[in-house]
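Here are a few notes to help you find your way around this one. Have the viewer open while you read.

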Amino acid sequence: MAIYYASGYPALFSEATPLPQTSIADREYFRFHLRSVDNKLHIGNVVRSRISGNMVIPVSARLNNPDGSFRGVVMASIRLDYFRQVYDYYNLGDRDLMALMKADAKLVYIRPYSEALINRNISLSPLFTQLLTTTTSGAAIYRAAVDGRPRIFGYASLKNYPLVVTAGYDLQAVRQDWIADSIGYVLLNLVLLALLFLLGFIVMHHIRLNLRNQLELTRVHDQLTHVNRTLQGLALMDGLTGLANRRQLDWFMPRAMERAIKLRSPLTILLIDVDSFKAYNDTYGHLAGDECLRNVAECLKQLPLRHDDLLARYGGEEFMIVLTDKTQPEAHLIALQAARAVAELRMPHQASSVAEKVVTISIGMHWQPRVFAGISPMEFIDKADEALYQAKRRGKNQVWMSNMPPSQA
Ligand SMILES: Nc1nc2c(ncn2[C@@H]2O[C@H](COP(=O)(O)OP(=O)(O)OP(=O)(O)O)[C@@H](O)[C@H]2O)c(=O)[nH]1
């Protein structure tokens, strides 16, 4: 600490004895106090002490005579090394930066230390052109005025002294640190994501497999159902004519009778026999006989039957038609149509007892206006058989009804 006269020569000096005989009249802080009547503390530009040779920050105040005229300066110098010790305490990276500045934008101290930068005016830095014009402290990213590198700065302007402090982390280093820190998490996330994909893939694969198996099962089931139906159909179908066979007829008759009982509707049986068929076989051969039976069957298929009626091959050269819910005339008409249709096929039959010498059929018809419980299918069929016998006996190629009055015979 020292006190200087108005001439710039020391009047009192705290350290050195004898008193140095060097003037400080040329120093910036001395000239400041000479000019300014204000006796507030002044922080001057950093200077190299002429006594110790150290870089120091002069903190000074004006001394006045009683009349207010300039009497001299009292000055305390703070060694710059002091800041170096304080600033070194902080753990900073190579490209990070700390600085102490005067409010007039002159650098007092900077870390990393460079003597060339001390007292450098950085008033063009965004810190002074923008930030400190609106706030006294904060954080911002900007390029440092001393080296142009972008940094994340924290800054504050001191309340009681015309000083500003800043600390800036190098943006690139911050990013690199962030990336280095994050890369572990990113890798972990990627591994988790891959695991998730793998699990998803396995689950999807199993779902697909299940679906395929189910589709295959459904397909096999459909095929089996189809085969089953075909087998059922074959079991219930006559192989020569494609008509319902005797088994189907046996299954159908009781149900047709039950239905007739329930609905109180009539039931009709037409028992059909190809005339002189033994003679046909004998004349034209058994194969031709088969063909003849197929033709008769095709012809009978053309009759106007309903879906709840049944046309079946009863056995050998005999066929049967079960008609449900028909009046006697309706049933009789169908029987007559059948006989006429077969005769009109005009299949030659030289050995026939019928005058036209063509294949004909005889039909025994039994019409039951009401079916009662307790009547068996065979009783119905027997009645139709008796009527057929009558048709044969009376010359064949005709229809005979079981209850036909003898007068019509
Ligand atoms: N080709 C062939 N003949 C059959 C078949 N089933 C039965 N027959 C023959 O049909 C003939 C039936 O003759 P019969 O019962 O004597 O009666 P029919 O000669 O028709 O004489 P009527 O009934 O009195 O007209 C027999 O010779 C059987 O061999 C068959 O599937 N195919």
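1. Start with the stretch at residues 183–204, where the chain is 100% helix and 0% strand. The C-alpha atoms at its two ends sit 31 Å apart. In UniProt, an unreviewed entry puts the feature "transmembrane region" at residues 183–204. Keep in mind throughout that this is a predicted model.

2. That stretch belongs to a helix worth a second look for its charged side chains. E216 and R219 make a salt bridge, with their closest N and O atoms 2.8 Å apart. Both belong to helix α4 (residues 171–235), and because they are three residues apart there, about one helical turn separates them. Are they buried or exposed? Neither label fits: E216 is partly exposed, at a relative accessible area of 39%, and R219 is partly exposed as well, at 41%.

3. A similar spacing turns up in helix α2 (residues 80–88), where D81 and R84 lie three residues apart, about one turn of the helix. Their side chains form a salt bridge at 3.8 Å, N to O. D81 has 32% relative accessibility and R84 has 34%, so both count as partly exposed.

4. Now try a pair in which the two partners get separate labels. D308 and R306 form a salt bridge, and the closest N and O atoms are 3.5 Å apart. D308 is buried, with a relative accessible area of 13%, while R306 is partly exposed, at 37%. Elsewhere, salt bridges with shared partners tie R79, D81 and R84 into one network. The total for the model is 19 salt bridges.

5. On to the strands. Strand β6 (residues 70–79) pairs with strand β1 (residues 2–5) in the antiparallel sense, over four bridges. To locate this pairing, look for Y5, which stands opposite G72 in β6. Strand β5 (residues 55–64) also runs antiparallel to β6, and nine bridges join the two. Here V59 has A76 of β6 as its bridge partner.

6. How many residues lie between the strands in the hairpin of β5 and β6? There are five, and in this hairpin G68 takes a positive phi near 95°.

7. There is also an open sheet of five strands, in the order β8-β7-β11-β10-β9, with antiparallel pairing. At its edges are β8 (107–111) and β9 (137–143), each of which pairs on one side only. On average, neighbouring strands in this sheet are turned by 20° against each other, ignoring direction.

8. Within that sheet, seven bridges connect β10 to strand β11 (residues 163–170), the two running antiparallel. One place to check this is S157, whose bridge partner in β11 is V164. Helix α3 (residues 126–134) packs on the sheet and touches β7, β9, β10 and β11. The direction of α3 makes about 145° with that of β9. Helix α2 lies across β7 (97–102), β8 and β11, and runs at about 40° to β8.

9. Finally, zoom in on R151, which is in strand β10 (residues 150–157). Is R151 buried or exposed? With 2% relative accessibility, R151 counts as buried, because the cut-off for that label is under 20%. Setting aside neighbours within four places in sequence, the contacts of R151 include R95, D96, L97, Y142, Y169 and D170.

Definitions and conventions
Residues numbered from 1 in each chain as written. Predicted model: local features only at pLDDT ≥ 70, side-chain atom pairs only at ≥ 80, totals over all residues. Heavy atoms only, no water. Salt bridge = Lys/Arg side-chain N within 4 Å of Asp/Glu carboxyl O. Buried < 20%, exposed > 50% of the residue type's maximum accessible area, 1.4 Å probe, protein only. UniProt positions renumbered as here; feature names shortened; annotations may be inferred. Pairing = 2+ DSSP bridges. Contact = heavy atoms within 4.5 Å. Axes fitted to C-alpha atoms, helices over the stretch in contact; angles between N-to-C directions.
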